[in-house]
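Hello,

Here is the structure I promised to pass on to you. Please have it open while you read the notes underneath.

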Amino acid sequence: MSPIEVKSSGYKAHASLDAFCLKFSSRIKKRYLIYTKDLHKEGNILYLPIYMTMFL
């Protein structure tokens, strides 16, 4: 299972993704946050620009 959260412009808080991953931590493989800025990885979350969603 790979949860995905979509943000508009502000991406600093991702409480829903964190709560979901905490509840189902044994089933989570990769975590994605789709947003409007550049590609980067922070911890175990991959931040993807909107135009890269076709590669999921």
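Below is what I found, starting with the sheet and ending with a loop.

A word on the basis: this is a predicted model, where local features need pLDDT of at least 70 and side-chain atom pairs count only at pLDDT 80 or more, while totals for chains, interfaces and linings use all residues. Residues are numbered from 1 along each chain as its sequence is written, and side-chain values use heavy atoms, with hydrogens and water left out.

The sheet
Helices (H or I, at least four residues) and strands (E, at least two) are DSSP runs, numbered from the N terminus. Two strands count as paired if DSSP finds at least two bridges between them. On that basis, 4 strands make an open sheet with mixed pairing, in the order β1-β2-β4-β3. β1 and β3 are at the edges with a single partner strand each, so one side of each has no neighbour in the sheet. On average, neighbouring strands are turned by 25° against each other, direction ignored; the axes behind such angles are lines fitted to C-alpha atoms, for helices over the stretch in contact, and angles run from 0 to 180 degrees between N-to-C directions.

Strand β2
β2 runs parallel to β1 (residues 4-6), joined by 3 bridges, and parallel to β4 (residues 45-49), joined by 5 bridges. Tyr-32 shows both links: Ile-4 is its bridge partner in one pair, and Leu-46 of β4 in the other. In β2, 5 of 5 residues are buried, meaning under 20% relative accessible area (exposed is over 50%, partly exposed in between; 1.4 Å probe, protein chains only). Arg-31, Leu-33 and Tyr-35 point one way, and Tyr-32 and Ile-34 the other. In a regular strand the side chains alternate between the two faces of the sheet.

Helix and core
Helix α1 (residues 15-23) lies across β1, β2 and β4, at about 170° to β2; contact here means heavy atoms within 4.5 Å. The largest nonpolar core has 7 residues: Leu-17, Cys-21, Ile-28, Leu-33, Tyr-35, Ile-45 and Tyr-47. α1, β2 and β4 each supply at least two residues of this core. Such a core is a set of buried Ala, Val, Leu, Ile, Met, Phe, Trp, Tyr and Cys residues joined through side-chain atoms within 4.5 Å.

The loop
Lys-37 sits in the loop between β2 (31-35) and β3 (40-42). Lys-37 is partly exposed, at 39% relative accessible area.

Best wishes
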